[in-house]
Amino acid sequence: MFPPVEIMDTTLRDGEQEPGIIFTREDKVAIAKRLDAAGVHRIEAGCPMTSEEDAAAIKEICALGLKAKIYCFVRGVSSDMDVAKACGVDGVVIEVPGSEQMLQGGMRWGMEKAIKAASEATRYAHELGLMVTFFPSDASRSDMDFLSTLLNGVLDAGGHFDSVALVDTFGAFSPEGAAYMVKELLRRVGKPVEAHFHEDFGLSIPTTIAALQAGAFCAHVTVNGIGERAGNASLEEIVMALHTRRDFYEAETGINTRQIYNSSKLLSNITGVPI
C-alpha cells in the first residue's frame, strides 16, 4: 500500500515554458486559487528572477493565505534565496546541473565547484527558513555514482535540502529506469524523492507512477499536461489513475477530484489551448 502522495503543481513555472503560453499576473493568481480549491499540496508559482511581473505574481499568491505551500524556482546562488524570501514563499526549488553532460559540457564546471555553490545556496535557503527541494537537472541521464557523489557532497559540505527531485529534463526515462534511480537515491542519499518527468513518447504517467511505487513521495504535474516539448505529467491523469486504479496503486492524494474539470477548463480558457 502506498503512503500518501503529494502533488506539486508546476503549471505556473514549467507549464509556462510551452511555446505560445504566457500568463499574466491575474492569470497566475486565478490558477493558483483554483489549484488550492482542488487540494493541491504545493504550488510552484514561478521564477521571481525572470521578471518583475513574475515576482509580483508570486508575492500576491503568497499573500492569499492559501492552504497549499507556495514554492518558487531559483538558481543555485545565494542571491536568489533573498529574492525568494522577499516574495514570501514557503520553499524553493533549487536547480543545479545533475549530470556530467550538463555540468561539464553545459556549465563548464567541475564537481568541486558545483558542490561548493550548491552547498552554500541550500544552506543559506535553510537559514532563511525556506523548505528546499534540490533539483539536479538532467538527473535521469546521470551516472548513478556521479549523481550520488554530487548530492552527498552537498550534504557533507554543510548544505541542506529536505528532498531531492529526480528530474527527467530531456524526456529520456523509462518506468524501469525511474524506479531503479528512486530506489538508489533512497539507499545512497537517504533523502525523500520527488518525481519530475516529461511526456516525451507518452511516458510521463507510467514513469511517474513507477517512481511512486518505488518510494518517491511527490509527483510534479501541470494542469492539462502543458509544458516544454511534449509537455509534463498531467495532473488529471496522475490523480485519476491513482484515484481509480486501486487494484494496482492504492494511493491517496487527497485531491478533490470534483474540482479537476474546473481547473482544466480554466486553464484552457486562459491559454486558448483546447482540452
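Contact here means heavy atoms within 4.5 Å. The model is predicted.

**Exercise 1. Find which residues of helix 3 meet helix 5, and decide how the two helices are oriented.**

Step 1. List the contacts. From helix 3 come Ser78, Met81 and Asp82. In helix 5 they meet Glu120, Ala121, Tyr124 and Ala125.

Step 2. Take the axes. Those of helix 3 and helix 5 (residues 111-127) come within 8 Å and cross at roughly 25°.

Step 3. Apply the cut-off. Angles under 35 degrees count as roughly parallel. Therefore helix 3 is roughly parallel to helix 5.

Step 4. Add the hand. Helix 3 passes helix 5 in a right-handed crossing.

**Exercise 2. Identify the buried residues of helix 2 and what they pack against.**

Step 1. Pick out the buried residues of helix 2 (residues 52-62). They are Asp54, Ala55, Ala56, Ala57, Ile58 and Ile61.

Step 2. Look for their partners. These residues pack against helix 1 (25-37), strand 3 (69-75) and helix 3 (78-87).

**Exercise 3. Place strand 7 between its pairing partners, strand 6 and strand 8.**

Step 1. Start with strand 6 (residues 163-167). Strand 6 and strand 7 pair in the parallel sense over four bridges. Valine 167 has histidine 196 of strand 7 as its bridge partner.

Step 2. Trace the connection. Strand 6, helix 7 (residues 175-188) and strand 7 form a right-handed β-α-β unit.

Step 3. Move on to strand 8 (residues 218-221). Its pairing with strand 7 is parallel, over two bridges. Alanine 195 is bridged to alanine 219 in strand 8.

Step 4. Trace again. Strand 7, helix 8 (residues 204-213) and strand 8 make a right-handed β-α-β unit.

Step 5. Check the side chains of strand 7. Val193 and Ala195 point one way, Glu194 and His196 the other, and all are buried.

Technical notes
Residues are numbered from 1 along each chain as its sequence is written. This is a predicted model: local features need pLDDT of at least 70, side-chain atom pairs count only at pLDDT 80 or more; totals for chains, interfaces and linings use all residues. Side-chain values use heavy atoms; hydrogens and water are left out. Buried means under 20% relative accessible area, exposed over 50%, partly exposed in between (1.4 Å probe, protein chains only). Two strands pair if DSSP finds at least two bridges between them. A crossover is right-handed if, with the strands pointing away from the viewer, the path from the first strand over the helix to the second runs clockwise. Axes are lines fitted to C-alpha atoms, for helices over the stretch in contact, and angles run from 0 to 180 degrees between N-to-C directions. Angles under 35 degrees count as roughly parallel, over 145 as roughly antiparallel, 65 to 115 as roughly perpendicular and the rest as oblique. A crossing is left-handed if the near helix is turned anticlockwise from the far one by less than a right angle, and right-handed if clockwise.
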